Amino acid sequence: MTDPRILVLGDSYMSADVFTSAFTARGLTADAATLTLADATWPTGAIREFEGDPAEVAKLAAGYDVVAFHAAPVTAEVIEALPDLKLLGCARGGPVNVDLAAATRRNVRVTTTPGKNAEAVADLTIGFLISLIRNVPASLRDVDDRVARGLPLAESTFEGARWFGREVAGTRVGLIGYGNVARLVAARAHALGATVTAYDPFVDPSTVTDTTIVGDLDELLAGSDVVSVHARATAENRHMVGAAQIATMPAGSFLINTARESLVDEQAMLDALTRGHLSGVALDVNEPDGPWRELVAQPNVILTPHLAGATHETLARGADMLAAEIQAFRDGADLRWER
């Protein structure tokens, strides 16, 4: 086909420059615009986790064949308002801000960027693991307390006796889910000398050579010093790690969640922390109506604001993945990540 007319829409998380740099490197020409942060004037009920007004998207995208974006709200109304539209490129693993049913009705193709943030999330997961087993959260709070009281940070070489932890080598790491992120976590953990087990009912154990795949979640939990959650969230697996599952974990173990907040019952987790059954937890996601105020007050808790995928490399990788998909679309080839 002739070169499609391409528009890239930047937002506060992923700028238009990130898109255009990747597109230019692959020989694609695209116009660029940036969404304003405004209240939506068009319906948005079928989409979530978006930024901007659908009415602005429809206005900016008029006349384009391809629209590439990260957070733009692409509702049914937007799709219907764009008769020239042929391809939507969403720089996310899951296009929750796109009405897929409406796109299908209009024969508008949708492609995404699965795994673009896997390296970044795996890095942070290992960082969390090391921080937890070495008592970094509680020791940092102790430093803050000492500074606030005007006390010296370390009076002798024996101060470390208060913070004995363990090394990664020999630690039993259990992964719930064994997709893009978990496989990278496993590789990093193996390199540091940990033993790794994973639970994922959708993975054929015969296809995995470096990690033990178990068929029962309780078996994974009971045999892990550190459990890290990497499952995809569905309506069926909400709170898949609840009070019963946490009770199955060894006393003194640790729990990490860098996936989705719905996967862990945070009240049950808090209860296990206060009882001492869990020695620490690290969360990059949290339930909005969960006990986050109580969790953040615990000395052995790391709570970060959903920053696991927030690296410059993640953005560049996502833009390049979309550029490759648009090249394939232009050339009449198959789209690798079409939804």
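# Exercises on a predicted model

Helix 2 (residues 54–61) lies across strand 1, strand 2 and strand 3, and runs at about 150° to strand 1. The structure is a predicted model. The exercises start from the sheet under this helix's strands and then move to other parts of the chain.

## Exercise 1: The sheet

Task: State in which order the five strands of the open sheet are arranged, and which strands stand at the edges.

Solution.
Step 1. The order of the five strands is 2-1-3-4-5, and their pairing is parallel.
Step 2. Strand 2 (31–34) and strand 5 (109–111) each have a single partner strand, so one side of each is left without a neighbour in the sheet. These two strands therefore stand at the edges.
Step 3. On average, neighbouring strands of this sheet are turned by 20° against each other, with direction ignored.
Step 4. One pair can be followed residue by residue. Strand 3 (residues 66–69) pairs with strand 4 (residues 87–90) in the parallel sense over four bridges. Within this pair, Val67 has Leu88 in strand 4 as its bridge partner.

## Exercise 2: Helix 1 between sheet and helix

Task: Describe how helix 1 is placed against the strands, and how its axis crosses that of helix 12.

Solution.
Step 1. Helix 1 lies across strand 1 (6–10), strand 2 and strand 3, at about 145° to strand 1.
Step 2. Two packed helices are described by the angle between their axes and the distance between the axes.
Step 3. For helix 1 (residues 16–25) and helix 12 (residues 312–330), the axes come within 8 Å and cross at roughly 50°. Helix 1 is therefore oblique to helix 12.
Step 4. The crossing of helix 1 and helix 12 is right-handed.
Step 5. From helix 1, the residues Val18, Phe19, Ala22 and Phe23 take part in the contact. They meet Leu315, Ala316, Ala319, Asp320, Leu322, Ala323 and Ile326 of helix 12. By type, the residues of this contact are ten nonpolar, no polar and one charged.

## Exercise 3: Val18

Task: Decide whether Val18 is buried, partly exposed or exposed, and list what it touches beyond its sequence neighbours.

Solution.
Step 1. Val18 is located in helix 1.
Step 2. The relative accessibility of Val18 is 22%, so Val18 counts as partly exposed.
Step 3. With residues up to four places away in sequence not counted, Val18 touches Leu315, Ala316 and Ala319.
Step 4. Thr41 is 23 residues from Val18 along the chain, and the C-alpha atoms of the two are separated by 28 Å.

## Exercise 4: Strand 11 and the loop before it

Task: Explain why strand 11 is described as largely enclosed, and classify His277 as buried or exposed.

Solution.
Step 1. Strand 11 (residues 278–283) has six residues, and five of them are buried, so the strand is largely enclosed by the rest of the structure.
Step 2. Strand 10 (residues 253–257) pairs with strand 11 in the parallel sense over five bridges. In strand 11, Val281 is the bridge partner of Leu255.
Step 3. The loop between helix 10 (266–275) and strand 11 holds His277.
Step 4. His277 has 16% relative accessibility and therefore counts as buried.
Step 5. Apart from neighbours within four places in sequence, the contacts of His277 are Ile246, Ala247, Met249, Pro250, Ala251, Gly252, Ser253 and Ala272.

## Exercise 5: The whole chain

Task: Give the number of helices and strands, and the share of residues that count as buried.

Solution.
Step 1. The chain has twelve helices and twelve strands.
Step 2. Of its 339 residues, 49% count as buried.
Step 3. The C-alpha trace spans about 70 × 55 × 35 Å along its principal axes.

Notes: Residues are numbered from 1 along each chain as its sequence is written. This is a predicted model: local features need pLDDT of at least 70, side-chain atom pairs count only at pLDDT 80 or more; totals for chains, interfaces and linings use all residues. Side-chain values use heavy atoms; hydrogens and water are left out. Axes are lines fitted to C-alpha atoms, for helices over the stretch in contact, and angles run from 0 to 180 degrees between N-to-C directions. Angles under 35 degrees count as roughly parallel, over 145 as roughly antiparallel, 65 to 115 as roughly perpendicular and the rest as oblique. A crossing is left-handed if the near helix is turned anticlockwise from the far one by less than a right angle, and right-handed if clockwise. Contact means heavy atoms within 4.5 Å. Ala, Val, Leu, Ile, Met, Phe, Trp, Tyr, Cys and Pro count as nonpolar, Asp, Glu, Lys and Arg as charged, and the others, Gly among them, as polar. Buried means under 20% relative accessible area, exposed over 50%, partly exposed in between (1.4 Å probe, protein chains only). Two strands pair if DSSP finds at least two bridges between them.
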